[in-house]
Amino acid sequence: MNDSKVTRRQVLVLGGLTLGVGAVTVAGLSGPAWADSAAADVVLVPVGASPVVVLPGVGVQPAAFPRQLAVQVQHAGTDLPAGTEVAVTYDPRLYSPLPAAVATVGKQRLHTTSTITTDPRTTLATCTVTLAEAVAAGSDPVVVVGTAYPVLYPRDLVVGPADATAALGRKNVKPSGRRSLQPHRPSTFGGVATPWGVEVSGVWSRYEWENGKRWYYFPVRVTLHSVGPGPAPAAASFSVALDPQVVRDVSITTARLNHKVHDAGVRLLSHKRTASLFETRWSTTVKLKSGDRLDLGLEVRTRKLTGDLQTIKHPSVGLIGMGDHATQRQTGQNLMSRTDAVWE
């Protein structure tokens with residue numbers, strides 16, 4: 001039997017479905033409601049808010065998958081007896097299960113047990129949630145068993161992803177009549193496309209003051225590397241965010257494409273300075289093809305500092321305005337930063 005309290009991780013997973021901590025309230029249902037063969041007045045309704053993009057390969061459409069592995073059990077005309085099971089089957093390449101599944105009615109968490117099994121033939125995982133208590137008719141519990149997690153390059157092209165499904169049954173009786181949990185595919189996901197991805201890396205320099213007792217890092221080289229397989233949909237653009245107390249100015253002094261000097265058409269898009277942020281945004285004329293590497297040299301002018309600083313803006317460099325996020329590969333490196341400054 002599960003403890004009635006919801007853990008911090010479970011609250012984070014349920015966040016897209018809740019109006020209050022620990023309460024699962026369906027904010028948006030998608031798809032039809034299907035009658036279950038076990039009882040004509042029991043239906044399973046997928047919770048389809050905010051679907052996530054899955055890239056199933058090259059030259060195909062980006063696919064839509066549920067953000068949460070969640071289903072609502074509607075049973076207006078019949079009680080759900082103790083021992084009722086909800087079995088959710090999913091592709092383990094796409095989803096991370098909760099340590100223990102959660103079932104709630106309004107703000108009340110139901111007592112449940114859950115187990116996860118893997119089919120050795122299909123490699124699909126199934127989380128079976130068993131209600132340890134009866135649920136009165138019309139209460140419509142929501143069962144959540146996991147959440148999608150970002151699949152990072154080079155495994156982010158998930159070939160042949162399996163649909164998430166759910167089934168309702170009774171304890172020790174195999175559920176039948178599986179229902180798809182797949183959400184409607186948004187038109188913003190676009191049509192047939194070739195995925196693209198860019199990794200951001202670079203070289204840092206360190207500015208020291210107070211005889212080396214205080215220091216701050218700033219970038220002196222930014223590298224944008226295209227991992228393909230398609231070209232980036234827009235010219236390479238990025239931002240540099242630094243602390244205005246430390247940095248006076250930033251400029252781009254050199255550009256090399258695939259290790260050769262190149263006129264990258266670097267242009268300053270914007271310049272923002274506040275008390276806590278100095279940000280410059282840059283564009284180039286280079287559309288990176290698969291395998292291309294663009295190295296940009298930076299000149300950073302610092303201020304003369306003494307004493308402690310009360311706050312610090314840690315440095316970061318990240319992609320901006322590259323377009324078509326539905327086909328952008330999850331490299332996990334579209335931003336680089338450092339948090340190891342010593343300023344007080």
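**Pocket, sheet and core in a predicted model**

Strand 3 makes the greatest contribution to the lining of the largest pocket, supplying three residues. The structure described here is a predicted model, and this pocket is a convenient place to enter it. The largest pocket has a volume of about 380 Å³. Its lining comprises 22 residues, and Val52, Val53, Tyr149, Pro150 and Gln330 are the ones that lie nearest the centre. Strand 3 (52–54) and strand 11 (142–148) each provide at least two residues of this lining. Sorted by class, the lining residues of the largest pocket are 16 nonpolar, four polar and two charged.

From the pocket, we may turn to an open sheet of five strands, arranged in the order 19-20-16-22-23 with antiparallel pairing. Its edges are strand 19 (267–273) and strand 23, each of which pairs on one side only. On average, neighbouring strands of this sheet are turned by 10° against each other, direction ignored. In general, strands of a sheet pair through backbone hydrogen bonds, in either a parallel or an antiparallel manner.

The sheet can be followed from one edge to the other. Six bridges link strand 19 to strand 20 (residues 278–283) in the antiparallel sense, and Ser270 is found opposite Arg281 of strand 20. Further along, strand 16 (residues 237–242) and strand 22 run antiparallel and are joined by four bridges. Here Val240 has Val317 of strand 22 as its bridge partner. Strand 22 in turn is connected to strand 23 (residues 335–337) by three bridges, again with the two strands antiparallel. Within that pairing, Gly318 is matched with Leu335 of strand 23.

Strand 22 also repays a look at its side chains. As a general rule, side chains in a regular strand alternate between the two faces of the sheet. In strand 22 (residues 316–319), Ser316 and Gly318 point one way while Val317 and Leu319 point the other way, and all of them are buried. Val317, the bridge partner of Val240, is thus introduced both by its pairing and by its burial.

Strand 22 appears once more in the largest nonpolar core. This core has 38 residues, with Leu224 and Phe238 having the most contacts inside it. Two or more residues are given to the core by each of strand 14 (198–209), strand 15 (214–226), strand 16, strand 17 (247–257), strand 20, strand 21 (293–302) and strand 22. Strand 17 accounts for the largest share, namely five residues. In soluble globular proteins, nonpolar side chains tend to be buried together.

Elsewhere in the chain, strand 6 (residues 84–90) offers a further example of burial. Seven of its seven residues are buried, so strand 6 is largely enclosed by the rest of the structure. Both of its faces are covered: one side carries Thr84, Val86, Val88 and Tyr90, the other Glu85, Ala87 and Thr89, and all are buried. Strand 6 has antiparallel partners in strand 12 (residues 165–170), through six bridges, and in strand 10 (residues 125–131), also through six bridges. Val86 illustrates both pairings, standing opposite Leu168 in strand 12 and having Val129 as its bridge partner in strand 10.

Note on methods
Residues numbered from 1 in each chain as written. Predicted model: local features only at pLDDT ≥ 70, side-chain atom pairs only at ≥ 80, totals over all residues. Heavy atoms only, no water. Buried < 20%, exposed > 50% of the residue type's maximum accessible area, 1.4 Å probe, protein only. Pairing = 2+ DSSP bridges. Axes fitted to C-alpha atoms, helices over the stretch in contact; angles between N-to-C directions. 1 Å grid on protein atoms, 1.4 Å probe; cavity = no way out; pocket = protein on both sides within 12 Å on 5 of 7 lines; lining within 4 Å. Points joined across faces, edges and corners; volume = space filled by probe spheres on them. Nonpolar A, V, L, I, M, F, W, Y, C, P; charged D, E, K, R; others polar. Core = buried A, V, L, I, M, F, W, Y, C linked by side-chain atoms within 4.5 Å.
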